[in-house]
Amino acid sequence: MNKKTYLFVLLFLSAVSLSAQTAKWNQRYQSYIDKYKDLAIQEMLRYNIPASITLAQGILESGAGESELCRKGNNHFGIKCHDWTGAKVYHDDDATGECFRAYKTAIESYEDHSKFLSNSKRYSKLFQLSRTDYKGWAHGLKECGYATNPRYAYSLIDLIELYKLNEYDRATSYDKFMAQHTGKASKQTTTDLHPIKIYNKNYYLYARKGDTYRSIAKEIGIKAKKLAKYNERDVNDVLEPGEIVYLKKKQKKADRKYMDPIHVVKAGESMYSISQLYGMQLKYLYKLNHLSPDYQIKIGARLKVY
């Protein structure tokens, strides 16, 4: 090995070593991934762009949704105003006060990112690659001039491998509810997001101190009155920390796969809190147990939930 080749290999290994040292797991990044993975998969199935690449670019270009550009213009991918007739936002980048595209929602940003890549001759050669070839896509984006950072491709690859984003590249389906509602949500920093859980063919989250049906509806992208109705409440009702909030209409019965058919009433429980616990509509909890709405619940009572 000659001296020049040796130096090149040494520099390359140093770069790889530095990459491994700087790629550390970040909860904020994971929250961003959890929120937008279904939207990224949706775009992949439509345009054949790897979901891993879309998510990694979204994290890098938007600071996982917290950059000024993302907060001001919902621009998740740092796309500038070239041939753009829509809304605009100005931001210091390679030069002062550069023009960037602005969007009403995240879903508009994701869709425009897909069109920006698929409709441009500059990136056409990328679509000859397999959508599971995330390394080829990462290096191809850098070679085609997507970013000026010399380590751009390695930064994408680091993120993809650390968070196993390439697993999404083999997806054949996605959660349409999550794709649409997180994509249509108003601007909000990732650290403020409520983790969304799934039970009984529904989605739910736990209320935090200060939450209202209006604030949660704004985050998720659902009308506040509809959200309250799903939970059989008034939109102005006060939410307690830890209270379950469902994001779709509740079922008529509990999910029999995971629950005992009988619920034994504990201190502090009400018919409503039990219906929320099992993700079932209150009127059907009464109906299933042949009870009238004026029934006075008692500790130790045994209630059917399916």
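**Buried cysteines, a disulfide and helix packing**

C144 counts as buried because its relative accessibility is 10%, where buried denotes a relative accessible area under 20%, exposed over 50% and partly exposed the range in between, computed with a 1.4 Å probe on protein chains only. The structure is a predicted model, in which local features need a pLDDT of at least 70 and side-chain atom pairs count only at pLDDT 80 or more, whereas totals for chains, interfaces and linings use all residues. Residues are numbered from 1 along each chain as its sequence is written, and side-chain values use heavy atoms, with hydrogens and water left out. C70 is likewise buried, with a relative accessible area of 3%, and C81 is buried at 12%.

One disulfide is present in the structure, the term being applied to a pair of cysteine sulfur atoms within 2.5 Å. This disulfide connects C81 with C99 at an S to S distance of 2.1 Å, and the link is left-handed, with -70° about the S-S bond. Distant parts of the chain are thereby linked, since C81 lies in the loop between α4 (68-73) and β1 (88-91) while C99 belongs to strand β2 (residues 98-101), 18 residues apart; helices (H or I, at least four residues) and strands (E, at least two) are DSSP runs numbered from the N terminus.

The largest nonpolar core contains 41 residues, of which L55, Y110, Y123, L141, Y146 and L165 touch the most other members; such a core is a set of buried Ala, Val, Leu, Ile, Met, Phe, Trp, Tyr and Cys residues joined through side-chain atoms within 4.5 Å. At least two residues of this core come from each of α2 (27-47), α3 (51-62), α5 (106-118), α6 (134-143) and α7 (152-162), and α2 gives the most, with seven residues. Apart from this core lies another, of 18 residues, among them Y203, I220, V235 and L239. When residues up to four places away in sequence are not counted, Y123 touches F116, L117, L141, C144, G145 and Y146, contact meaning heavy atoms within 4.5 Å.

The axes of α3 and α6 come within 9 Å and cross at roughly 45°, the axes being lines fitted to C-alpha atoms, for helices over the stretch in contact, with angles that run from 0 to 180 degrees between N-to-C directions. The two helices α3 and α6 are therefore oblique to each other, as angles under 35 degrees count as roughly parallel, over 145 as roughly antiparallel, 65 to 115 as roughly perpendicular and the rest as oblique. The contact is made by S52, I53 and Q57 of α3 together with Y134, W137, A138 and L141 of α6.
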